[in-house]
Every structure is written in C-alpha cells, then in structure tokens.
Amino acid sequence: MRVDVVTVFPDYLAPLRLSLIGRAVERGTIDLAVHDLRTHTTDVHRTVDDSPFGGGAGMLMTPPPWGAALDAVRAQGQQSLGADAEPHLLVMSPAGHRFDQATAARLAAEPWLVLACGRYEGIDERVLDDAARRHRVTPLSIGDYVLAGGEAAALVVVEAVGRLLPGVLGNAASVVEESHSDGLLEAPSYTRPATWRDLDVPAVLTGGDHGKVARWRRDESLRRTAERRPDLLAGAPADRFDRRDLEL
Ligand code: ADE
C-alpha cells in the first residue's frame, strides 16, 4: 500500500518509522512518503492560513498550497503506481466520519491513501470539493474530541490500517480475536505467573478445557462490553447473540 501524508509538521509523523509500522515501511509493505505543505507556498512567509470569510474565531488553511501539494502528491504516486491510479484522500477533521475498526479494515484493502492533516480551524472546503472532482475524498474523525491538528489522527489511522496489511502482524489470529473485531470488547487476558500479589488467574484458563475457555471469554467479553461500552451492545444486530449469550 502507498501512503502519503501532507502536513506542516513532517517531524510529527516520525513515529511511523518505529516498531511494527516502521518495519512494514522498511520492508516496503507500506510505501510511506511524508510531505511538507509549506514547500508548496509561494510567498516569503510561507503562509498556509488566513482568516475565515463570514467571521469566526481562529484561522483557516488557504486552498493554494493544498491544491499544489495534492497535485504534486498525485503526480508522484501515479509515477510509481501507474497513470490510471487514483488516491483516496482522507482529510483528518473532528467534523469527519467516525474512524473505527470496520473503516480501518476497508481502508486496508485500498492501494493508495493520501492523508491531509489540517491545523488551526481546518481546511477551506474547496480543497475537498476540488479533489473530489478527480478521486474519492473522505473526511475522517478519530473521536469526539478536538486535537490541535490532524497529525496525531493521521498517526492513528496509518497504524490501525497498517497493522491489518498482510504480513505486518506476526500472528494473524490476534486480529480476529481482538477488541472490536466482532463488535465487542475483548475479554481480560492473563500470562505467567499464575499467582501474583495474591491474585490468581481465573481457574478456567489453566484447566485445559478449550470449550470452557471459549465460553468464559465470550461471557467476559459480553459482560465487559455491557459495563464499559453499552452503546456497542445496543448497536449489535440480534443474530450476533446465541441463546447462551442471552442467559447472561
Ligand atoms: N483534527 C482535530 N481533531 C480531530 C479529530 N478528532 N479527528 C481527526 N482529526 C482531527
């Protein structure tokens, strides 16, 4: 997968060179390029922002540098992926569609993502409208809170998507069993020592009965989801639950 990130703080994306995602970048599973928006400004002050029409607090990112940057990134990507390739532009914004595990899985199947990181009060809407004349554009929010800019959100999206790419995780089963993969939170988990500070690992996990372990995990998963994230249970389709789930 090719991933381009456009930002006024390229150094903010340095963690993508570390750990699991860093190794995927080194191996070429992720072809990552981080671009400095300011290289596409034309004035001595390298201006990327201006005050909003109609008034309002704060500054907005002005279209010309974004247009130039996105054109350049698209041309670069087409050189490596082919002239017919088109990116999917993801614009990081608290006003975007909610980014969740299902979105991450869908994006992991795409060949080319471009992430635009806004600062200040966001990006002039025409940048999105113009890009949408050529390819898909999706505003994405990583949660119902406001960050100082889209960079931290871009880190989250690249990590959540990147770890789903074939060969990035050592153990593919961990993707199947983890929290959110089935719409529920994962059950609690334990490792050695079996007793620590007078706390014992639940006996069912050391008993060797795989059927019982599976049922216990399912019960704990439901219990934990009901307590911490009742919204997830309320949103799940009824056929996701069997008779024993409902006895709980
Ligand atoms: N930029 C600022 N806040 C954000 C959020 N919650 N998600 C994505 N981008 C953002």
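**View 1. Asp-198 sits exposed in a loop of this predicted model.** Start with Asp-198, which counts as exposed because just 5 C-beta neighbours fall inside 10 Å, and 12 or fewer is what it takes to be called exposed. You'll find Asp-198 in the loop between S8 and S9. Its phi is near 70°, a positive value in a residue other than glycine. Arg-197 belongs to the loop between S8 and strand S9 (199–200) as well. Phi of Arg-197 is positive too, at about 50°, and again this is not a glycine. With 5 other C-beta atoms within 10 Å, Arg-197 is exposed. Here's the background: most residues other than glycine have a negative phi.

**View 2. A cis peptide bond leads into Pro-193.** Which way does the peptide bond from Arg-192 to Pro-193 go, cis or trans? The bond is cis, with omega near 0°. For context, most peptide bonds are trans. As for location, look for Pro-193 in the loop that runs between helix H6 (173–177) and strand S8 (195–196).

**View 3. A shell of residues surrounds the ligand.** Going along the chain, the shell takes in Met-92, Ser-93 and Pro-94. Further along come Ser-141, Ile-142, Gly-143, Tyr-145, Val-146 and Leu-147, and then Gly-150 and Ala-153. Which strand gives the most to this shell? That would be strand S5 (residues 88–98), with 3 residues. How does the shell divide by class? There are 7 nonpolar and 4 polar residues around the ligand, and no charged ones.

**View 4. The loop after S7 holds residues that a UniProt record lists as a binding site.** The record is an unreviewed UniProt entry, and under "binding site" it lists Gly-118 along with Ile-142, Gly-143, Asp-144, Tyr-145, Val-146 and Leu-147. Take two of these for a closer look. Asp-144 has its place in the loop between strand S7 (137–141) and helix H5 (151–162). Is Asp-144 buried or exposed? Asp-144 is exposed, because it has 7 other C-beta atoms within 10 Å. Leu-147 also lies in the loop between S7 and H5. Leu-147 has 18 C-beta neighbours inside 10 Å, so it counts as partly exposed; being buried would take 20 or more. Setting aside neighbours within four places in sequence, Leu-147 is in contact with Ala-152 and Ala-153. Ala-153 turns up in the shell around the ligand too, as does Leu-147.

**View 5. Five parallel strands make an open sheet.** Read across the sheet and the order is S2-S1-S6-S5-S7, with parallel pairing. The edges are strand S2 (31–36) and S7, each of which pairs on one side only. On average, neighbouring strands here are turned by 30° against each other, ignoring direction.

**View 6. S6 pairs with S1 and with S5.** Strand S1 (residues 2–7) and strand S6 (residues 112–117) run parallel and pair over 5 bridges. One facing pair to pick out is Asp-4 and Val-114, the latter in S6. S5 and S6 are also paired in the parallel sense, over 5 bridges. For this pairing, look at Val-91, which stands opposite Ala-116 in S6.

**View 7. Strand S6 is covered on both faces.** How many of the 6 residues of S6 are buried? The count is 6 of 6, making the strand mostly covered. In a regular strand, side chains alternate between the two faces of the sheet. On one side of S6 are Trp-112, Val-114 and Ala-116, and on the other are Leu-113, Leu-115 and Cys-117, all of them buried.

**View 8. Ala-105 is partly exposed on a helix.** Ala-105 has its place in helix H3 (residues 101–108). It counts as partly exposed because 15 C-beta neighbours lie inside 10 Å. How far apart are Ala-105 and Asp-50 in sequence and in space? They are separated by 55 residues in sequence and by 36 Å from C-alpha to C-alpha.

**View 9. Stepping back, the chain has 10 helices and 9 strands.** Its C-alpha atoms fill a box of roughly 70 × 45 × 40 Å along the principal axes. Of the 248 residues in the chain, 27% are buried. Among contacts with a separation of 6 or more, 76% join residues 24 or more positions apart.

Conventions. Residues numbered from 1 in each chain as written. Predicted model: local features only at pLDDT ≥ 70, side-chain atom pairs only at ≥ 80, totals over all residues. Helix = DSSP H or I, 4+ residues; strand = E, 2+ residues; numbered from the N terminus. Near = placed C-beta within 6 Å. Nonpolar A, V, L, I, M, F, W, Y, C, P; charged D, E, K, R; others polar. UniProt positions renumbered as here; feature names shortened; annotations may be inferred. Contact = placed C-beta atoms within 7 Å. Pairing = 2+ DSSP bridges. Axes fitted to C-alpha atoms, helices over the stretch in contact; angles between N-to-C directions.
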